[in-house]
Amino acid sequence: MSIKSKPLMGTSYSMPAIRKKNSKGKVFAAGFIHALNLRNGLLRPLCVVTNGTQRHHEIPALRLYIEQRYGAKNTWQKQLYVYDKAVTDFAWWDQQKKSLSFMISVLKENATAAFVESIPFDRNDVINTGIERYSVYQNKKAKFHVVDYRDPETDQLHAFITTLPKSINPGTIAMIYYKRWTIEKAFNNSKSDFTERKAWSSDLNALNNQMRFTAMAYNVMRVFEEVSKAKNPDRIHPSDKKYNEALEKRQIISRDKGGFVNPLFFHARIARICSFTIRSLQNAIMTGRSVMAIMESLARHLKPRVVDIVER
C-alpha cells in the first residue's frame, strides 16, 4: 500500500451512564471516541463526545477532531478512518483529502452518485479475490471510489466507498473494512472486562482522563498478550486456535456448496484480549508479581500448534 505513513484506524465510541442532569432535568449519554490501530491493535483516545448534559452524536465530534488536526503538528502523516456508513459525507471527505485524511465505509443503498469510469486492477492477484468492479463515482463535485466485492463464501455483494487513491488494491480496501469489526472487540473489552460502563464525572477533564486511562490499560494488556505470542511462535493462543478451527469448518461447508472462504481471512488478525490475560495482569498488580512471572503464566496458556489440513 502507498498509504502507510500512519497506521490504519477504525473508530468507535462508548456510551457510559452519567448522573448529572442539565437545567431541564434531563440526562443524556456521555461517551468517547477511540481509534484502534488496525496494524498493531493499540487503542488511541481521540475526543469526548459529550459530558451527558446535552444531546450529541459522535459524527460531529469526529469531524471536529479531524478538522482541528489539520494545521497541527505532524499533519504530513496520512490518516485512514474506517467507519460505518453513518460517517459518509461525500463533499466533506473530499475536502479532507487535502489534509491527508482518508476514509473507507459502506456505500449507502440510497446514495446519489453517478458512475464516471472503471479503474483497472489485477484480477489474478489473490488479494483481489471476490472483487467484481472498481469504479470512480461522483456526487456533485466530489469524486470517490467504489469497490464491488462479492463474498466467495456467501455470494453476498457488498459495496465499499473510499477516498483512497486508485493505486490501492480494491481487495485491500474490502479486507480493511472487514477488519473494522476488531474495534467492536476492543469496545467489548472496555465495557465487560474493564467495567467502564459509567462516566467518572461530568467534568470534561475527568472524562478526558477516563478516556486516556482506559486506552492505557487496554494497550498494556495488548502488549503483554502479543509479546507472549511473539516469543512463543511454536505455540498458538487459544482464541486464535478456536478462530482457525472455525475457519476450517466454514471452508469445508462452503466448498461443499461450491464456494470458498476468502484466503485473506486466514492471515494474522487482531483478536479480542482474552479474559485470562486481563485477570493475570489484574492479579499481578494486586499481588506484586514480577513481569517475568506474568509472561511465564501467559506462555503456559498457549496451545501447541497443529498442521492445517484444509486446502485454502
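A residue is called buried when its relative accessible area is under 20%. W92 has 12% relative accessibility and therefore counts as buried. This residue is a convenient place to enter the structure, which is a predicted model.

The overall figures come before the details. The chain contains 8 helices and 11 strands. Of its 312 residues, 47% are buried. The accessible surface of the chain amounts to about 16,700 Å², and carbon and sulfur atoms account for 54% of that area. Among the contacts in the chain with a separation of 6 or more, 60% are between residues 24 or more positions apart.

Aromatic rings give a route through the interior. Searching the whole structure turns up 8 aromatic pairs. One of them is formed by W92 and W93: the ring centres are 4.8 Å apart and the planes stand at 85 degrees, so this pair is edge-to-face, because planes over 60 degrees apart fall in that class. W93 has a relative accessible area of 1%, so W93 is buried, as is W92 at 12%. W92 also has a charged neighbour: R63 lies over the face of the W92 ring, 5.5 Å from the ring centre. A second arrangement of this kind involves R269, which lies over the face of Y243 at 3.9 Å from the ring centre.

Helix α2 spans residues 90-96, and Q96 lies in this helix. The relative accessibility of Q96 is 8%, so Q96 counts as buried. Leaving aside residues up to four places away in sequence, Q96 touches I66, E67 and S101.

Another aromatic pair is made by F160 and Y177. Their ring centres are 5.2 Å apart, with 40 degrees between the planes, and the pair is tilted. F160 belongs to strand β9 (residues 157-162) and Y177 to helix α3 (residues 170-179), so the pair links distant parts of the chain, 17 residues apart. F160 and Y177 are both buried. These two rings are also members of a cluster: ring pairs link Y149, F160, Y177, Y178 and F265.

F160 leads on to V147, since F160 is among the residues that V147 touches. V147 lies in strand β8, which covers residues 142-150. What is the relative accessible area of V147? The value is 0%, so V147 is buried. Apart from residues up to four places away in sequence, V147 touches I131, R133, Y134, H158, A159, F160, P170 and I173. The C-alpha atoms of V147 and L107 are separated by 9.2 Å, although the two residues are 40 residues apart along the chain.

The last stop is on the surface. Which residues make a nonpolar surface patch of about 350 Å²? The patch is made by W200, F213 and M216. M216 has its place in helix α5, which runs over residues 204-230. With 49% relative accessibility, M216 counts as partly exposed. The reason is the cut-off: a residue is exposed when its relative accessible area is over 50%, and partly exposed between that limit and the one for buried residues. M216 can be set beside V147, which is buried at 0%.

Notes
Residues are numbered from 1 along each chain as its sequence is written. This is a predicted model: local features need pLDDT of at least 70, side-chain atom pairs count only at pLDDT 80 or more; totals for chains, interfaces and linings use all residues. Side-chain values use heavy atoms; hydrogens and water are left out. Rings of Phe, Tyr and Trp (its six-membered ring) pair if their centres lie within 6.5 Å; planes under 30 degrees apart count as stacked, over 60 as edge-to-face and the rest as tilted. Buried means under 20% relative accessible area, exposed over 50%, partly exposed in between (1.4 Å probe, protein chains only). Helices (H or I, at least four residues) and strands (E, at least two) are DSSP runs, numbered from the N terminus. A charge sits over a ring if NZ of Lys or CZ of Arg is within 6 Å of the ring centre and within 35 degrees of the ring normal. Contact means heavy atoms within 4.5 Å. Patches are made of residues with over 30% relative accessible area and no salt bridge: like charges are joined within 9 Å, nonpolar side chains (Val, Leu, Ile, Met, Phe, Trp, Tyr) within 5 Å. Accessible areas come from the Shrake-Rupley method with a 1.4 Å probe; for residues, only the protein chains shown count as cover. A salt bridge is a side-chain nitrogen of Lys or Arg within 4 Å of a carboxyl oxygen of Asp or Glu.
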